[in-house]
Amino acid sequence: METKGISLEEFNKLNKAGVQLIDIRGAESAEYGLIPGAVNIPKELIIREMMLVESCDISIRGIHLDRSKKQIVYCTRGAESPEAAEALCERGYDAYFLVGGYHNWLVNSVVEEENAGNAAERREEIEKSIRKKFHKQLFTPFARAINTYDMLQPGDHVAVCISGGKDSMLMAKLFQELKRHGKIPFELSFLVMDPGYSEVNRKLIESNARMMGIPIRVFASDIFNSVFTVEKSPCYLCARMRRGYLYSNAKELGCNKIALGHHYDDVIETILMGMLYGGQIQTMMPKLHSTNFPGMELIRPMYLIREDNIKWWRDYNKLHFLQCACRFTEMSKNQSENDPHYSKRQEIKELIADMKKVNPFVEGNIFKSVENVNLNTVIGYKKDGVKHFFTDDYNM
């Protein structure tokens, strides 16, 4: 049976008539957003259920597959969806796959919105949502983190580092809102490093920035090419190199600080990852002095903002951002629980979600654990690279 692929234009026509739209990407990818109306059922679940379930009436994850509707499946770029569509067709479904996948739909949606000529209205709506609807969830914890951890002083020049994802784009808007209040005199530069993005991904970042009123400065590097052939820890090396490029370019602009968009959930996930995979207790600090660039400092002003609220803001405003545009992601298959590229961070996210079902305070307790370390009850610790053991002064 020949599996049918449909173009984006055909999809838009069918979608208006009513179809069942299925996102077959792994959970980590789906977290970055779905095509409106889609449900997420990872590909391996569809393949397995089609092989195991004998009943004509099939439900996966509590989602009923409606035989009265056409089934349209999509993955990230269209490479994986034909197999899922074929499995559905073999069980009698009228299934199709979206050519080009989510990426094709995303780029087309952003371009269409920009061509609509309503950027000013959209920007006003987005800014209003931060001031009104999401003030308590977003701006209040943003300002609280800056005050609590003393991140901003009069006269600072902050390089707001933008990757193109939801976190950094929101951070840029929150900084603009903070500057509008005018309580602390400081300067902003919005810095985007292009480490070797595809042309499409770079255009997506630039289009979103124009629509949201973020005056970005883009500079290029060849980091993706440099780490592409590295077999051991390419992501770690890429992150270190990116940080160095950002510091260097920020300093050239006269900035004394760079701001990164890590949020509360990143912090607690980092704590658990360090314990379970690294055998150490550590956290993602709210601010750090640079060791290689004297006078420069890194700050994380979204430190107290919950990721669910960022997603809520994104979806409320119908915004679509980049997921991950690195060379490895673009060449690999869609991530899933059985994929060797499946993120350890996603495993930690799911672990925390499971623990929260038993203890609703678990996230706050993880966060507070690194604020309440009792040195009298730990066997050893490191300070400035020097390891200390409890027996050092046990008999003193």
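Which residues are exposed on the other side of α15? I began my notebook with this question and looked up the helix in the model, which is a predicted one.

**Entry 1: helix α15**

I found that Lys357 and Val358 are exposed on the other side of α15, whereas the buried residues of this helix are Gln346, Ile348 and Ile352. Looking down the axis of α15, I noted that its buried residues fall within an arc of 155 degrees, so they line one face of the helix. I then asked what covers these buried residues, and the cover includes α2 (27-30), α12 (264-278) and α16 (362-369). I also checked the length of α15, which runs over residues 344-358: at 1.5 Å a residue its 15 residues should span 21 Å, and the end C-alpha atoms are 22 Å apart, which agrees.

**Entry 2: the sheet**

I turned next to the strands and traced an open sheet of five, in the order β1-β7-β6-β2-β3, with parallel pairing. At its edges I noted β1 (4-6) and β3 (39-40), each of which pairs on one side only. Helix α1, residues 8-17, packs on this sheet and touches β1, β2, β6 and β7, while its direction makes about 90 degrees with that of β1. Helix α4 also packs on the sheet, where it touches β2, β6 and β7, and its direction makes about 170 degrees with that of β7.

**Entry 3: strand β6 and its neighbours**

Which way do the residues of strand β6 point, and are they buried or exposed? I saw that Gln71 and Val73 point one way and Ile72 and Tyr74 the other way, and that all of them are buried. I followed the pairing of β6 with strand β2 (residues 20-23), which is parallel and runs over four bridges; here Gln71 of β6 is the bridge partner of Gln20. The pairing of β6 with strand β7 (residues 95-98) is parallel over three bridges, and in β7 the bridge partner of Val73 is Phe97. I also recorded that β6, helix α4 (residues 81-90) and β7 make a right-handed β-α-β unit.

**Entry 4: Asn108**

My last look was at a single residue, Asn108, which has its place in helix α5 (residues 101-115). Because its relative accessibility is 27%, I entered Asn108 as partly exposed. I then compared its position with that of Leu8, and wrote down that the two are 100 residues apart in sequence and 8.7 Å apart in space, taken from C-alpha to C-alpha.

Technical notes: Residues are numbered from 1 along each chain as its sequence is written. This is a predicted model: local features need pLDDT of at least 70, side-chain atom pairs count only at pLDDT 80 or more; totals for chains, interfaces and linings use all residues. Side-chain values use heavy atoms; hydrogens and water are left out. Buried means under 20% relative accessible area, exposed over 50%, partly exposed in between (1.4 Å probe, protein chains only). Helices (H or I, at least four residues) and strands (E, at least two) are DSSP runs, numbered from the N terminus. Two strands pair if DSSP finds at least two bridges between them. A crossover is right-handed if, with the strands pointing away from the viewer, the path from the first strand over the helix to the second runs clockwise. The expected span of a helix is 1.5 Å times one less than its number of residues. The arc is that of the directions from the helix axis to the C-beta atoms. Contact means heavy atoms within 4.5 Å. Axes are lines fitted to C-alpha atoms, for helices over the stretch in contact, and angles run from 0 to 180 degrees between N-to-C directions.
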